[in-house]
Amino acid sequence: MKLTFEGCIEMIATGHQQAQEEVGRPISVAVVEDHRDLIAFGRMEGAPIRTIAIAVNKAFTAIYMSRNTHEFKQMLSREGMQANWYGDDRVTGVPGGLLIKNGDQIFGAVGVSGTVLTAERNCPGVSRVSATHRNTLYSGVLPEWGEDGL
């Protein structure tokens with residue numbers, strides 16, 4: 001199964017809406033597929049230009065490291081390592097990159113930049129897809145989401 005462009009755009013729109021309503025700050029959201037290629041991107045009016053690269057890099061890192069970026073940051077701290085040791089300038093330990101997965105199967109990742117970290121982790125357009133998004137995000141039928149699912 002693959003992420004669909006339409007589903008990703010809907011997920012970005014949901015994230016933008018929640019950022020506007022709950023955080024009151026503009027954000028950028030990037031979605032990459034499981035091969036680390038960008039599928040969709042959205043930058044709210046007023047989001048700083050720097051949020052473009054940051055959101056894309058967060059999504060890239062999550063899929064590249066097969067873990068959410070806040071977990072990657074914890075690993076770097078625990079092991080006394082630096083992100084640049086991985087040989088790619090896009091790798092970042094900044095929280096806000098989240099895997100899109102169902103159980104253990106990873107389909108892609110999303111990166112959010114421009115708002116406080118707690119909002120990045122809790123935005124339903126980013127950290128969890130509502131029932132209305134399930135049919136448009138994937139090109140296929142999925143079982144019910146688990147706790148680790150998007």
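**Exercise 1. Find the residue that follows helix α1, and say what sign its phi has.**

Solution. Step one: go to the end of α1, where Gly24 comes next. Step two: check its backbone, and you'll find that Gly24 has a positive phi, near 75°. Keep in mind that you're looking at a predicted model. Step three: try the end of α3 too, where Gly80 sits just after the helix with a positive phi of about 65°.

**Exercise 2. Work out how the span of α1 fits with the one expected at 1.5 Å a residue.**

Solution. Start with the count: α1 has 19 residues. Going from the first C-alpha to the last takes you 26 Å, close to the expected 27 Å. Now look at which residues are tucked away: the buried ones include Cys8, Met11, Ile12 and Ala19.

**Exercise 3. Put the strands of the sheet in order and explain why β2 and β3 each have a side without a neighbour.**

Solution. First, line them up: the open sheet has four strands, ordered β2-β1-β4-β3, and the pairing is antiparallel. β2 (38–43) and β3 (97–102) are at the edges with a single partner strand each, so one side of each has no neighbour in the sheet. From one strand to the next, the twist averages 15°. Then zoom in on β1 (residues 28–33) and β4 (residues 105–113), which are joined by six bridges. As one example, Glu33 has Gly108 in β4 as its bridge partner.

**Exercise 4. Say which strands α1 and α2 meet.**

Solution. Take α1 (residues 5–23): it lies across β1, β2 and β3, at about 25° to β2. Next, α2 (residues 50–65) packs on the sheet and touches β1, β2, β3 and β4, making about 155° with the direction of β4.

Note on methods:
Residues are numbered from 1 along each chain as its sequence is written. This is a predicted model: local features need pLDDT of at least 70, side-chain atom pairs count only at pLDDT 80 or more; totals for chains, interfaces and linings use all residues. Side-chain values use heavy atoms; hydrogens and water are left out. Helices (H or I, at least four residues) and strands (E, at least two) are DSSP runs, numbered from the N terminus. Two strands pair if DSSP finds at least two bridges between them. Axes are lines fitted to C-alpha atoms, for helices over the stretch in contact, and angles run from 0 to 180 degrees between N-to-C directions. Contact means heavy atoms within 4.5 Å. The expected span of a helix is 1.5 Å times one less than its number of residues. Buried means under 20% relative accessible area, exposed over 50%, partly exposed in between (1.4 Å probe, protein chains only).
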